[in-house]
Amino acid sequence: MFELDQRIAEQLTLVSLNSAIQVRCGSSNAFMVTASTMIPLMQMFEMGGVYICATRGAVEIIEAFEAIEVDVSHIHFLDLVSSGILGGTNVTYPNISFVDSPIMLESVLLRSLYMLRISGSEKNFVLLDSVNALAIYNNEKMLAEYLHAFINTFRQRDVLTVLLNVPDQVPPSVLANLDLYCTDLIDRGQVVIH
Amino acid sequence: MDEILRGGVPYGSTVLVSGTCGSGKTTLAMEFLVRGALSGEACAHFTATEPSVKLLENIRQFAFFDMGMIDNGLINVFDMDVLYSWLGLDKATFDLDDVHALIKAIVDIVNTIGVTRLVIDSVTTLCYKIKSEQLIRDFLFTLGKKLSTLGCTTLLISEITSASANAHWSSFGVEEAIADGIIVMGDVERMGHLLRFLQVVKMRGTSHSRAKHSIELTPIGVMLTPMLKWGAQSDKQSKWGS
């Protein structure tokens, strides 16, 4: 049986709507941490929002939520992965839209804002999964600049920002900037012994 | 756009919207008209690049568009070919008299309907018929002046092949000198992908932003955000962007 990390829900009760939360996870507990963050936001706080999929395609994530019987039909998924796969955009879920590539950072921001504008929810979050996936395609300076703009754009609009990252796979300068920009930290990163 | 212009396009201005193909010029212009119609203004669109029927199909993409805007005469679309034919200007090149006849026809339409927002798409196609640079200058200057006197804010769409820093912002090099404002639209190439951008180069009477903005065309209109400083240059000099 799938077990949620209840401590994350407890920590979420302490953050305000215009917060930016850095959620650190390990590569093996990423979905558990994501679900433990998303489920309280959707069910306890009745929030809508945008899920930015840069690590895996949106269909895979929706199916993972369906497997644990969690309805995510009111969440908009912005898929940055599947356009790079032949036939990847041929999906039946109406709540998925696509951006051509993770390098089109401004398009990701504008598409997210568009989805929030048409969202029926009064309270919204935007979840970026993940910073390390964006770091594969974008140089450090551009990514640091982007995260700065991204966080401030949503904070200004009272949209809760959640940035998922696997710390040992994020460039140190980007990680340092995340520490600086984010208001809260949920740390479920795993210790890696080399 | 209003935020970038610190309040919007000044009333009665003639603005050149220059851009490469697919950069969103027509969409931006159509939104300018639909937003005007929404606030009860009479608007006109002179199309020389695509048939009016096709243009109306594209306008339906806007979530805030209502067919009543057409039915109630708030948005009026004119085919330039029909106008030429009506004026007896079915010829390859225009002389001074033809140019004056064309200006008079456009001004008469604006005056009769009470148009306060006008789009000519594209002024490049129209000016191809005017052979002399001096005549093009006279045409645009006289048209702009007369429309401004009537309180009509005009967007002149101009097609350019490059939106780079060294490029001209108009096809004939004279339009940019006459316009009150210049908005440049193009693409930045980033790792093989084209990102649309918009930059206000000039807008008389405003303290506008001159930053490069990334744009996204959505059903709720053109959305803009400042382009990332580390990504505002194309990967390499290309015909698409700067």
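**Notebook: the chain B sheet and its helices**

I started with the sheet: nine strands of chain B form an open sheet in the order 3-2-4-5-1-6-7-8-9, with mixed pairing. Two strands count as paired if DSSP finds at least two bridges between them. Helices (H or I, at least four residues) and strands (E, at least two) are DSSP runs, numbered from the N terminus.

Note to self on the source: this is a predicted model, where local features need pLDDT of at least 70 and side-chain atom pairs count only at pLDDT 80 or more, while totals for chains, interfaces and linings use all residues. Residues are numbered from 1 along each chain as its sequence is written, and chains are lettered from A and ligands numbered from 1 in the order in which they are written.

Next I looked for the edges. They are strand 3 (75–79) and strand 9 (221–226) of chain B, each pairing on one side only. On average, neighbouring strands of the sheet are turned by 25° against each other, direction ignored. Axes here are lines fitted to C-alpha atoms, for helices over the stretch in contact, and angles run from 0 to 180 degrees between N-to-C directions.

At the strand 9 end, I found six bridges joining strand 8 (residues 212–218) of chain B to strand 9 of chain B, and the two run antiparallel. B:Glu216 has B:Met223 as its bridge partner in strand 9 of chain B.

Then I checked strand 2 of chain B. Is it enclosed or not, and why? Six of its six residues are buried, so strand 2 of chain B is largely enclosed by the rest of the structure. (Buried means 20 or more other C-beta atoms within 10 Å of a residue's own, exposed 12 or fewer, partly exposed in between; C-beta atoms are placed from the backbone.) B:Ala42, B:Ala44 and B:Phe46 are on one side, with B:Cys43, B:His45 and B:Thr47 on the other. Strand 2 of chain B runs parallel to strand 4 of chain B, with six bridges, and parallel to strand 3 of chain B, with five. B:Thr47 has B:Asp79 as its bridge partner in strand 3 of chain B.

Last, a helix pair. I saw the axes of helix 5 (residues 96–113) and helix 7 (residues 133–149) of chain B come within 10 Å and cross at roughly 20°. Helix 5 and helix 7 of chain B are therefore roughly parallel to each other (under 35 degrees is roughly parallel, over 145 roughly antiparallel, 65 to 115 roughly perpendicular, the rest oblique).
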